[in-house]
Amino acid sequence: MPLDKKSLRADVLRHLTFTIGKDVANASTYDWRMALSFAIRDRIVGPWFASTRKTWAGQHKRVYYLSMEFLIGRILEDAAINLGLDEAATEVMAEFGQDYRSLIEDEPDAALGNGGLGRLAACFMESMASLGCPAYGYGIRYEHGLFRQRFEGGFQVETPEDWLSQQNPWEFNRPEAAYTIPFKGEVVQRDGRSVWLPGETVIASAHDTPVVGWQGKWANTLRLWAAKPSTLFDLARFNRGDYAAAAEPEALARTLSRVLYPDDTTYQGKELRLKQEFFLTSAALQDILRRHVAAGLDIRALPAHVAIQMNDTHPAIAGPELIRLLEDDHGLPFKEALEIARACLGYTNHTLLPEALERWATFTFGTVLPRHMQIVERIDAWHRQTYPNRPHYVGVVKHHEVRMGELAFVMAHKVNGVSALHSDLVKQNLFPELNKLHPGRIINQTNGVTPRRWLRMANRPLAGLITDAIGSGWEDHLERLSELEPHVADAGFRQKFDAAKRQNKEALATWLAADCGVTVSPEALFDVQVKRIHEYKRQLLNILETVARWQAIRKNPTADWVPRVKIFGGKAAPGYVVAKEIIHLINDVASVVNNDPVIGDRLKVVYPANYNVSMAERLIPASDLSEQISTAGKEASGTGNMKFMMNGAPTIGTLDGANVEILQEVGAENFFLFGLTAPEVMKRRENPDHAREAIEASQPLQDVLQAIAEGAFSPDQPDRYHGLVHRVWHHDYFLVAADFDAYLKAQAEVDLAYADRQRWVTMAALNTARSGFFSSDRTIRGYMADIWSVESAL
């Protein structure tokens with residue numbers, strides 16, 4: 001028995017006995033999974049400690065990545081693969097009579113994110129570890145995450161996530177790393193200095209998860225903060241019989257780290273969300289400064305040792321908070337504190353949507369963070385005085401609002417977009433005046449995804465074929481996938497590529513039958529759109545085309561139709577009424593289409609509930625077609641589009657986000673392009689009747705909207721979708737009607753291509769072969785060189 005396998009077996013047994021407290025005869029799947037997880041974790045600790053010691057010894061500059069989301073998914077399989085223990089773990093567990101795959105499936109997804117923002121942060125953490133970039137990720141340890149989605153009568157219902165109802169074997173509790181986080185109160189002047197007297201405080205307590213890179217050469221730390229009360233329990237109230245009031249401090253504190261993105265349609269929700277953002281940011285910055293001072297370094301030398309990246313506007317309070325800590329706690333003058341903060345901070349913009357660029361009413365901001373309201377006003381005044389040419393309508397504080405996007409821009413030494421098109425639009429449309437005042441500050445860093453999880457782990461059949469064709473080592477040099485291109489011309493290779501895809505499709509079909517009760521044929525084209533449900537992502541366009549296809553098949557059922565399985569996945573924000581209505585429509589259409597005897601297997605619609613990372617790992621490798629159909633100029637980048645491409649699924653999409661770069665890499669002949677461009681979108685919106693004109697020019701769209709309006713998919717409530725149909729006719733901001741006919745035509749081209757198997761497999765294989773650019777390793781190297789000025793410690 002190899003040494004690593006022998007020691008792993010011994011450690012699994014030791015943890016089962018002494019950590020879990022079970023014997024072999026009585027251990028459950030959960031017990032075995034926990035024992036294996038602890039044994040794997042033991043092997044991460046060595047490189048984790050060694051990486052920390054090397055960073056301290058060499059006084060390497062560290063990156064601190066602040067994000068409200070880290071959608072890390074399951075850890076067991078990912079860690080085993082990166083450590084090279086996947087095969088050993090499979091064999092060891094088999095010797096104990098346990099199926100390794102079942103143990104992996106038993107692990108809950110960490111409920112720490114929502115969509116692409118959080119998954120990108122997780123990919124970045126893994127890539128930083130694989131590249132030996134010293135780093136900490138900082139986030140919140142949400143007890144219940146976003147929410148668990150289920151459908152009742154086709155309608156989305158939200159219930160709490162319960163991922164922490166079981167012990168988390170990957171984290172280390174760090175009670176010594178705890179910081180007081182102040183809120184509210186007042187600011188008074190003492191000896192010419194501003195002193196904040198907070199009205200509320202909570203404690204941020206650290207929980208560390210090591211993140212190990214490829215081949216276990218380096219490991220970084222994901223530090224998540226849990227909120228705890230400053231006063232644990234009011235015994236006097238309890239003894240008076242006021243039991244609920246006695247526990248109130250703990251309940252209020254825990255509220256901060258219970259739920260990701262609480263509904264902010266109420267004032268209480270807004271206040272909680274602002275508190276959460278400050279809680280994360282203040283805890284992280286206090287931790288960073290403590291570490292810097294503990295190393296014996298001068299506080300003025302902070303930028304030489306610290307790079308802080310704000311992942312979108314959620315941590316934009318980092319600028320004022322770092323100034324507060326440097327000024328109030330370390331005694332630096334305001335302007336020096338401001339310059340130090342700006343030299344440390346970078347800001348990644350992820351959206352062009354106005355509602356996502358947070359703005360806080362000055363009343364709310366000043367009530368929750370009175371000291372920061374003062375500092376923000378000073379920052380704004382400093383910027384206005386330093387740049388007298390700044391237009392009067394530009395600023396951080398305007399119209400009784402604190403503009404967090406402008407604040408992040410002003411306080412960062414670099415601002416980056418996440419795709420070439422997006423970065424251009426950030427310059428031209430989002431911050432045009434600030435870009436003129438600060439030329440060169442906005443740069444581009446196109447997103448990427450980690451190939452270790454999204455190809456090596458998620459798609460074992462394809463990963464094995466790649467290794468057979470070009471040898472090992474491509475996992476951390478993804479540009480080597482280009483070596484596949486000569487093989488694509490070989491019919492034998494294409495046959496193996498097709499067989500790998502078929503294997504994934506058969507596995508998905510089995511799962512869909514068990515999970516959704518829908519039987520689908522692996523022969524059909526698997527057409528997949530999985531992402532947050534939002535009007536700009538245009539799931540509505542997809543389901544309208546699905547209805548048009550259903551109507552066309554019913555009119556001519558004997559035609560030679562290419563069978564389709566339309567797969568949707570994603571959650572709508574609890575307060576986003578229109579998005580939830582679109583979900584309801586998709587499920588209502590599915591109910592009719594899947595039970596229509598005329599249609600049979602020619603068309604199926606499936607919407608598995610509670611889309612998460614683990615579901616993505618099932619769906620993406622089995623996908624034939626990647627739906628990336630957002631309104632041009634609205635998607636910052638997308639990363640799902642890269643995962644689909646990497647796994648051999650051609651894209652049907654608009655010229656939006658990173659689709660532009662995917663098209664450049666893969667070639668127009670291997671991409672189904674349709675729709676208006678970003679400038680054309682803006683031009684079309686100038687016509688107030690654009691939607692009506694598009695509908696009147698399209699008989700298929702008229703037929704689809706009429707069927708929906710008449711209740712064809714909601715016979716129990718025929719007027720259910722009148723509001724949605726009315727929006728398409730009269731308030732079609734995201735140009736669903738304008739792009740409908742072009743989308744219909746592109747889908748017809750997809751059918752023709754799929755019917756020609758050799759053509760389709762060639763397209764799919766070339767998508768994989770040309771996806772090397774989209775590794776998050778390439779992205780992180782760009783951040784290290786252009787924003788952080790950090791070198792690898794490997």
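Phenylalanine 238 counts as partly exposed, because its relative accessibility is 35%. That value falls between the 20% limit for buried and the 50% limit for exposed. The model is predicted. Phenylalanine 238 sits in helix H7, which covers residues 235-239. Phe238 also belongs to a nonpolar surface patch. Its partners there are Leu232, Phe233, Leu235 and Tyr243. Together, the five residues offer about 530 Å² of accessible area.

Glutamine 276 gives a second case. Its relative accessibility is 0%, so glutamine 276 counts as buried. The limit for buried is under 20%. Helix H10, residues 267-294, holds this glutamine.

| Residue | Helix | Relative accessibility | Class |
|---|---|---|---|
| Phenylalanine 238 | H7 (residues 235-239) | 35% | partly exposed |
| Glutamine 276 | H10 (residues 267-294) | 0% | buried |

What does glutamine 276 touch, leaving aside residues up to four places away in sequence? Its contacts include Met68, Ile140 and Tyr142. Glutamine 276 also touches Thr255, Leu256, Val259, Tyr261 and Pro262.

Next come the cavities. A search of the whole structure finds nine of 30 Å³ or more. The largest cavity contains about 220 Å³ of space. Its lining is made of 16 residues. Nearest the centre of the largest cavity are Ile72, Ile75, Asp78, Val211 and Arg453.

Which helices and strand each supply at least two residues of the lining of the largest cavity? They are helix H3 (76-82), helix H6 (116-131) and strand S8 (200-212).

Technical notes: Residues numbered from 1 in each chain as written. Predicted model: local features only at pLDDT ≥ 70, side-chain atom pairs only at ≥ 80, totals over all residues. Heavy atoms only, no water. Patch = residues over 30% accessible without salt bridge, like charges linked within 9 Å, V, L, I, M, F, W, Y side chains within 5 Å. Areas by Shrake-Rupley, 256 points an atom, 1.4 Å probe, with all protein chains shown as cover. Salt bridge = Lys/Arg side-chain N within 4 Å of Asp/Glu carboxyl O. Helix = DSSP H or I, 4+ residues; strand = E, 2+ residues; numbered from the N terminus. Buried < 20%, exposed > 50% of the residue type's maximum accessible area, 1.4 Å probe, protein only. Contact = heavy atoms within 4.5 Å. 1 Å grid on protein atoms, 1.4 Å probe; cavity = no way out; pocket = protein on both sides within 12 Å on 5 of 7 lines; lining within 4 Å. Points joined across faces, edges and corners; volume = space filled by probe spheres on them.
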